[in-house]
Each structure stands twice: as C-alpha cells, then as structure tokens.
2 protein chains.
Amino acid sequence: MAKGTGTERGGVDKGTVELGADLVSGVSLPAAVIHEAPLAHNLAWMQRFTEVHGARLAPHGKTTMTPALFKRQLEAGAWGITLATAPQCRAAFSHGVRRLLMANQLVGQANMAMVADLIAAGADFYCVVDGVDNVRQLGRFFAERNQRLAVLIELGVPGGRCGCRSQAAVQTLAEAVAAEPALVLAGLEGYEGVVHGEDPAAAVRDYAQRLVETVLALESAGRFDVAEPIITASGSAWYDLIAEAFQAASLQDRFVPVLRPGCYVVHDHGLYREAQRDVMRRRPDLQRGLEPALEVFAQVQSLPEPGLAIIALGKRDIGHDQLPVVLRRYREGGDPGEMLSVVGWQVTKLMDQHTFVHLPGDVDDIAVGDIVAFGASHPCLTFDKWRQLLLVDEALKVKDSLATCF
Amino acid sequence: MAKGTGTERGGVDKGTVELGADLVSGVSLPAAVIHEAPLAHNLAWMQRFTEVHGARLAPHGKTTMTPALFKRQLEAGAWGITLATAPQCRAAFSHGVRRLLMANQLVGQANMAMVADLIAAGADFYCVVDGVDNVRQLGRFFAERNQRLAVLIELGVPGGRCGCRSQAAVQTLAEAVAAEPALVLAGLEGYEGVVHGEDPAAAVRDYAQRLVETVLALESAGRFDVAEPIITASGSAWYDLIAEAFQAASLQDRFVPVLRPGCYVVHDHGLYREAQRDVMRRRPDLQRGLEPALEVFAQVQSLPEPGLAIIALGKRDIGHDQLPVVLRRYREGGDPGEMLSVVGWQVTKLMDQHTFVHLPGDVDDIAVGDIVAFGASHPCLTFDKWRQLLLVDEALKVKDSLATCF
C-alpha cells in the first residue's frame, strides 16, 4: 500500500523547477536528467525493432515508474505496459495505462483485492502463475468476487528464479488452471535474464526454443482459453534472441508475441551498454543502437586536498550496483555548450550523500560549484531515487519535470 | 529541486492503508514497518544519553526524512534536526522544524537561494564551510541579499572526506569568514565516521581531542561571532567517544555541544547493531542499548524447486549494502502472535523486485503467501525506498502511516 501512488502525486513539485532554466545555472542539484534526443531515439528504435520481428512491445514499466514515459511508450505504439507488482499496476492504471502485464505471481489477499479493483474498473490485466497453490488461491479469490483473472504460466529453468522447472510441470499447472473456473489461461511467460550457462547466448537461445515448444504443446493440448494466446519473454539484454526465436517459429500467426524490455528507454552507462554492444555484434544489420539518456548532474562540494574532489551526490541519488562514471563537467553559470576536462577523473567511493573523485595530478581548473554529469549502470535503481526527473533538450534547458510514482 | 518535497506530499496516501489492520492480514506487502515500542525506547534512550553528557541532540534527519519522526525527536527534547542538503532543509522546515543544522557545504546558486528563503522565513540555519572559495561564494551571495548566514568550520582529516586538513587551515578559513560581513562564524563541525586508523576507537578519540583543541584555539583567538559557539560531531557509531571528549573538556560551559546521530532512531540489523555492541562494551554503565525498530515485511511469492523460496522483496524495497536478514515468519491470515520457523533460512541473492532464500532441507510447512519479516543494515537506504512507512504496535496492528519527504 505504501508503493505505487496514484494521480494525486503527479506534478505537485513542478512549480519548484523553472522550466526553461538550464542545468548549469539556477537548477538545484543534484538532479536526475533525461535527455530528450536519445529518449526519442530509443522509444522509436525499440518499437521498430519489435514490429520488424512481428512482435508487440510491453515495456517493463518498473524501470521508470514514470507515467509521462509510459505515455510516450504507448504513443510510440506499445501494446501495453509490463509491471512487477500490484501497486505498480494500480499506479500505471491510474495514469491511463489500460493493458497491464504483471510479469510476476500475484500473491497476498490485499494485492489480489487491488487487482480485482483494477479489473472491475476496466483494466485488461494479466499475471503469471507457476505453482498449484497460488493457482488455487487465485481461483478461490476471484471466484468469490465473480471475476475472471487472465493468467500466463511461467516457464523457468532449474536453478533460476520463479517459473515451472519442466514442461511436465507446465502441463500439470495448466490442468490446475483449467480446474479453476475463475481463471483464464491466456498464454505463456518466461524471463531469460535469469538463465545462465557457460555460453550465455546459447543458453538463452535454448531457453527461447523451450518457450516456443512449450507454448505450441499447450496449444496442441487445447489448454488455452483465448483465441490468440500471449507468448512473452525478454528483458533489455537478450531481446534480440527472444524476438528471433518467436519469429523463426512464426508464432505471430497464432499467438501474440510480446517483448518486455524496460531499460532500453533511457539505456545506461554500464551493464546494459555492454549488453547492447553484444546485440549490435550479433546483429550487424541493426542501425544506430540504443543511446544513454539518463544522467545525474551534481556539483563539486569540496576540494579538501590535492587530487580529491568531493561531489554532492550519493547513494540517495544514483544507482550503485556499480560506481557511477564521470561523463562531463561544466562551470556553474557558464555556457552549457562549453565543457571542461574530466580526463582521468575516477570515482573511488560512494556514500549516502557524497561521491569521492580521484583527480589526476595536473588538474588546476576545478572549482567548488563545478557541475559534473554522471552516468550509472542499471537505470531502474537511479529512477527510484527520485520523485521528479528533469527532461532537457540539447542545450540543457529544462523542458519538463517528470513525476515518478514509486 | 526534485528532492525534499513540502507539506503537500504528507499523507496523501494514508487513505489506502486501513489503520487498525494487522500486517499478516489485509495489508499490501511488501511494506516498510516501524515498531512503536523500540522506536519510543530509542528516542528516549539517545535523548537521555545526550543530556547526561551535557550535550544537545540534533538527530541527522537524512536517515529517515520522515516528518512524523522529526516531530517525535523534537518532542523528546532534540535541540534541532541535522540535514545533508538544502532541499532536505526546505522539506524539514516546511514540516515545522525551525533549527536546521546542514552538516555539509552549501554549494550552488539555486541551493543558496533555497536557504536564503528559509532564513527569510525564520529558520535558525547553520551550514559548514571548509574552503576559502566557498566562503567567498557564500559571502557574496548572502551580502547581495542583505542576509547573514551562520557557518561552522569543518575540521576533517587527511585522507578523509570534506573538512580542513589542519588547524592552520582552520585558522586561515576563520580569517576568510571574518572578511565576509555576511557570514557569522558560529562554531566548529566534524564527522568522525570518516576517520580511519589501525585502532579505530583510538583514531576517533584523537580526532575528538583535535576538535576540542581547535574549538578552544578559535575561541582564544576571538574568532567566533556568537556568544555560545556550537561544537558538533558524531554519527551513530562513535557518539559515545565524541560525547565523552566534549564532556571531559567541560565544553558545555561555554559552547553548545551538539551530537548528530541519525540511525539510532530505528537502529538496524547490521552495521549499527555491531557498532552499538561496541558502544555497550566500552560503556558497561549504559543500560539496555538501542533496539532495531525498522523491518520490511514481504511475502513468499514462489516455491519453484526444493530448497528455494522466492520472496516478493527487492532492491526497490530494502537497503542492500548488505543482504537482508530473515527475522520471523507468519502465515497470512493467521495469528500475528504465532510465528513459524525460519531456522536455517538464508538470503542468497537480491534483485530489483525479488529475494532468493535458501531453505534448509527439512522445511515442509512453507506456503506461497507466507509473510516474512526482514531486517537490513543501514536504515538510511531502506527509508529512501518508501513514500510511506507503517507504524505498528506489538500486535502488528497498523497505528499510523508515516510519510517520507525525500
């Protein structure tokens, strides 16, 4: 209940940013920043990638939990929005998202009640199931409400995260779903991001193939309760392999193939940049890949001894699975087009509210108040630090303030 | 600008929690939970500790950014609230905190403007300075506004974080402050949490002694612009050594000694539990130390293979400097007084929205939906994951929903 807030939260803080201000003059820092040009590029790029492969896009919304970005994704052609929890679904629905794919088991009476309310209000809602106990719990709950709940069976891998460990378990679970009049079996779901192997790409291809075989087996057995069942997988690292497997099996003719990358929308400067390089290596036909759009701007706070700058940026402001990387530097109040050197600058430590940067020996043009742009790995864990992010143009002018609804 | 939101944010989500519900029935999980009894104990314990040592308490508010807790801290006798950034100060002030100790350099025109507005609105505001450049920036900014800004000089250590590296640098900085008519030198500040040494306690004692000598030297040189200058240090790990050093020098006779622990208020199940054990070893006279009050409740989401439980809890919900620890388990809809075994349960991995728990071989009473209470290290990085936390009584009944203002 304490997560996934509704419409009331959106925009209440907007008044405190002067739209049109530029980031190097007059904006309180640190601030999380989204660059419009790469954002627009990424939105169009992934939509086109998906369509070219005969699939639909349901971007994972948990990455950003930013309704203005959900809107952009839907306007670009997305089929729906994927989410991770019932409160996230409630938040997205309250901001106008009608088709919700909850790529997780729905657990807990209060969360079930939340989803029941969304369905009653008109949401086109899907969640996943991977165990008979949960199927029975859901069957009972929604039967008591005289509602029907659409579920996708999750196929996992041994040693993985959630999901049935075998095709046999999937078939058993399909029988359990069929025994619950309140449940509608609407497809098959998987997540290749937790599949491991000595050759990770080969392991993902194998898993994608098993998804294809499993959905076809369920179809042959007449298990689906809908005309066009959903077949869905893919995070932001291996989406190409999933799309290729679905397309190679021509699933788009009888199923609704759905890809669910989330991080693509703003990309990153770490984990996903590496993953995207691999995609581009595997797929030389793809033009101009994803581009990082998310940065955090912060100021030099203290220059207490030679070779050390302390930045007013911390774990409260930026994802810290990996240390942030220094991208650019500006003088406060200067020209946003004029960048100062950050050659040799190295983040060495991140505390709650402070970042330690090691400076090379010959830096002498640095000043307290200098503005440094940082990139991070894994955008999800930067978004959730902020109630608002600033959308800026190429001149670093603030065009909009985007509210999050974590 | 995107941080430190004002009053409007408080409580808008309260309507979605049914006060009086209990955590094992009908509350959407995961939820961050504060237990009232240990909270009340910690509030009183640290207040008394501070008073017994002749000091004042300005709890670090960045830990919780929870106005309802600021109120409890002030009602318990706190002298003021410490904060880390200008937006945090603005948020605290908007929730009724009048005396604000910003234990950081104030950097950036927009942040200075924010503080100028707080001072104009009646805030009793202090920040720290550690360099001549920043002193000149502040002097110019506040002179132009015809305002006076009270500053404390920060004494750091070589190889540490912010702060002057020597007494000579402190004296030079005091001269620079004296040269700025808009600045008022109101005290000396330090933070022993970034002091390191082979014998950490000895290094902290040395540093505390240097703080004492430095504040006395500034006093002798007539550097202070106020009758009772502030001398302040201490996080939540070494507060006893700081308090003892200040008391041993009888600083309370001519100065205002201020301690600034933050994490004490809800304590933790990691770093600070260890630190508190050390405090209690050093101080056998102290009775019944701090007690952990903050937990995150979450549900078993999937039992996909023997020995593995996947919990609907992730990095989005709980601090992850260390892996969370499993504390207790309840059956959903059961008696909150009846706990199920978690012997041998071990968290092995934390993802954005999922926790992996390794189960011992003989667990057979576990069910999807079971409710597990988790503890974390370092409370700051759990609070900032939530817009609301639930205050519960000993029967796990929800007494209140506390809004955060990150």
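In what order do the eight strands of the open sheet in chain A run? The order is E2-E9-E8-E7-E6-E5-E4-E3, with parallel pairing. Please keep in mind that this is a predicted model. Below is a short tour of the sheet, the helices that lie across it, one buried glutamine and the relation between the two chains.

**The sheet in chain A**
- At the edges of the sheet sit strand E2 (56–57) and strand E3 (81–83) of chain A, each of which pairs on one side only.
- Further in, strand E5 (residues 124–129) and strand E6 (residues 149–155) of chain A pair in the parallel sense through four bridges.
- In that pairing, A:Tyr126 stands opposite A:Ala150 of E6(A).

**Helices lying across the strands of chain A**
- Helix H7 (residues 200–220) of chain A lies across E6, strand E7 (183–190) and strand E8 (230–233), and runs at about 160° to E7(A).
- Helix H8 (residues 239–248) of chain A lies across E8 and strand E9 (256–259), and its angle to E9(A) is about 175°.

**A look at strand E9 in chain B**
- Strand E9 (residues 256–259) of chain B points B:Val256 and B:Val258 one way and B:Pro257 and B:Leu259 the other way; all are buried.
- Strand E2 (residues 56–57) of chain B runs parallel to E9(B) and is joined to it by two bridges, with B:Arg56 opposite B:Val258.
- Strand E8 (residues 230–233) of chain B also runs parallel to E9(B), joined by four bridges, and here B:Thr232 has B:Val258 as its bridge partner.
- Together, E8(B), helix H8 (residues 239–248) of chain B and E9(B) make a right-handed β-α-β unit.

**A:Gln105, in touch with both chains**
- A:Gln105 belongs to strand E4 (residues 99–105) of chain A.
- Is A:Gln105 buried or exposed? A:Gln105 counts as buried because its relative accessibility is 3%, and the cut-off for buried is under 20%.
- Within chain A, the side chain of A:Gln105 makes a polar contact of 3.1 Å with the side chain of A:Glu154.
- Across to chain B, the side chains of A:Gln105 and B:Gln301 make a polar contact of 3.0 Å.
- Other residues that A:Gln105 touches include A:Val128, A:Asp130, A:Asn134, A:Cys162 and B:Ser302.

**How the two chains are related**
- Chain B superposes on chain A (RMSD 0.0 Å) after a rotation of 180° with 0.0 Å of shift along its axis.
- That is the relation of a two-fold axis.
- Both copies use the same surface, as 99% of the contact residues of chain B recur in chain A.

How values were computed. Residues numbered from 1 in each chain as written. Chains lettered and ligands numbered in written order. Predicted model: local features only at pLDDT ≥ 70, side-chain atom pairs only at ≥ 80, totals over all residues. Heavy atoms only, no water. Buried < 20%, exposed > 50% of the residue type's maximum accessible area, 1.4 Å probe, protein only. Pairing = 2+ DSSP bridges. Right-handed = clockwise from strand over helix to strand, strands pointing away. Polar contact = N/O pair within 3.5 Å; in protein donor to acceptor, adjacent residues only side chain to side chain. Contact = heavy atoms within 4.5 Å. Least-squares fit on C-alpha atoms with pLDDT ≥ 70 in both. Axes fitted to C-alpha atoms, helices over the stretch in contact; angles between N-to-C directions. Lists of a residue's contacts leave out its neighbours within four places in sequence.
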